[in-house]
Amino acid sequence: MDIISIFLIAVGLAMDAFSVSITRGMLLKCNLKYSFTIALFFGGFQALMPIIGWFSGEQLAVIVSVWAPWIAFLLLLLIGGKMIYEGIFQDEDEELCRIFSIKDILILSVATSIDAFAVGVTFAFLNTNILLPVVVIGLVTFGLSFLGVYIGKRVGHLFEGKIEIIGGLILIGIGFKILLEHLF
């Protein structure tokens, strides 16, 4: 597989992580070290999932391909619902850094990288060496996620008090998009 195809696959896989990174960046009121953490988790999971898919083979791929959209939808629905709840009931003076727990970032990382598993299975069927695609996928996702947090941080102030509700709605929307693409 040529590098351009691998790069385009990487960009396609990174779009959900990029979107989620923007919403997280819009909520960011702490320093930008969190953009590195988010990008590292998203890029790491996008790189790890194709490896797991590549090694797992056809049997596990069938099971995961059926349930992956539902899992991603439920995870994004839960995180988005939590954000909406906190946006409605949060004390105005409360610091928003708490939303960046490792648990939340881990759940979002898994939810946005499940489709990369299927790509890994595809690479195995095509007898593609997994090393170059994994490096490219991880780096592209890292870069786009880092950029997404930065963009979100820059435009987040435009929405002020309702940003957490908007971010939650966006995450739920991404979850519905993943589910609808699977169903239709």
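**Entry 1: Val66**

I began with Val66, which is partly exposed at a relative accessible area of 41%. My cut-offs here: buried is under 20% relative accessible area, exposed is over 50%, and partly exposed lies in between, with a 1.4 Å probe and protein chains only. Val66 sits in helix H2. Helices are DSSP runs of H or I with at least four residues, strands are runs of E with at least two, and the numbering starts at the N terminus.

I then looked for a residue far along the chain from Val66. His182 is 116 residues away in sequence, yet the two are 8.6 Å apart in space, C-alpha to C-alpha.

A note on provenance: this is a predicted model, where local features need pLDDT of at least 70 and side-chain atom pairs count only at pLDDT 80 or more, while totals for chains, interfaces and linings use all residues. Residues are numbered from 1 along each chain as its sequence is written, and side-chain values use heavy atoms, with hydrogens and water left out.

**Entry 2: the nonpolar patch**

Which residues join Val66 in a nonpolar surface patch? I found Trp67, Trp70, Ile71, Phe176, Leu180, Leu183 and Phe184 alongside Val66, making about 860 Å². Patches take residues with over 30% relative accessible area and no salt bridge; like charges are joined within 9 Å and nonpolar side chains (Val, Leu, Ile, Met, Phe, Trp, Tyr) within 5 Å. A salt bridge, for this purpose, is a side-chain nitrogen of Lys or Arg within 4 Å of a carboxyl oxygen of Asp or Glu. The areas come from the Shrake-Rupley method with a 1.4 Å probe, and for residues only the protein chains shown count as cover.

Helix H2 (33–89) and helix H5 (163–183) each supply at least two residues of the patch. H2 gives the most, with 4 residues. Phe184 lies in the segment after H5, and I noted Phe184 as exposed because its relative accessible area is 80%.

**Entry 3: the chain as a whole**

I stepped back to the fold and counted 5 helices and 0 strands. From the N terminus, the elements run α-α-α-α-α. Of the 184 residues, 46% count as buried. The accessible surface of the chain is about 9,500 Å², and carbon and sulfur atoms hold 73% of that.

How much of the contact list is long-range, at 24 or more positions? Such residues account for 93% of the contacts with a separation of 6 or more; contact means heavy atoms within 4.5 Å.

One such long reach in sequence caught my eye as well. Met15 and Thr141 are 126 residues apart along the chain, and their C-alpha atoms are separated by 8.1 Å. Met15 is placed in helix H1 and counts as partly exposed at 34% relative accessibility.

**Entry 4: the core**

Next I opened the largest nonpolar core, which has 37 residues; Val20, Phe42, Leu76, Leu108 and Leu171 touch the most other members. A core here is a set of buried Ala, Val, Leu, Ile, Met, Phe, Trp, Tyr and Cys residues joined through side-chain atoms within 4.5 Å. Helix H1 (3–27), H2, helix H3 (102–125), helix H4 (131–156) and H5 each supply at least two of its residues. The largest share, 11 residues, comes from H2.

I followed Leu171 in more detail. Not counting residues up to four places away in sequence, Leu171 touches Val20, Thr23, Leu76, Ile79, Gly80, Met83 and Leu108.

**Entry 5: aromatic rings**

I listed 4 aromatic pairs. Rings of Phe, Tyr and Trp (its six-membered ring) pair if their centres lie within 6.5 Å; planes under 30 degrees apart are stacked, over 60 edge-to-face, and the rest tilted.

Trp54 and Phe55 have ring centres 4.9 Å apart and planes at 85°, so I logged them as edge-to-face. Trp54 is partly exposed at 28% relative accessibility, whereas Phe55 is exposed at 62%.

Phe142 and Phe146 are stacked, because their centres are 6.2 Å apart and their planes stand at 20°. Both lie in helix H4, 4 residues apart, about one turn of the helix. Phe142 is partly exposed at 25%, and so is Phe146 at 36%. Phe36 joins Phe142 and Phe146 in one aromatic cluster.

**Entry 6: Ser35**

Is Ser35 buried or exposed? Ser35 is buried, because its relative accessibility is 1%. Ser35 belongs to helix H2, and beyond its neighbours within four places in sequence Ser35 contacts Phe146 and Val149.
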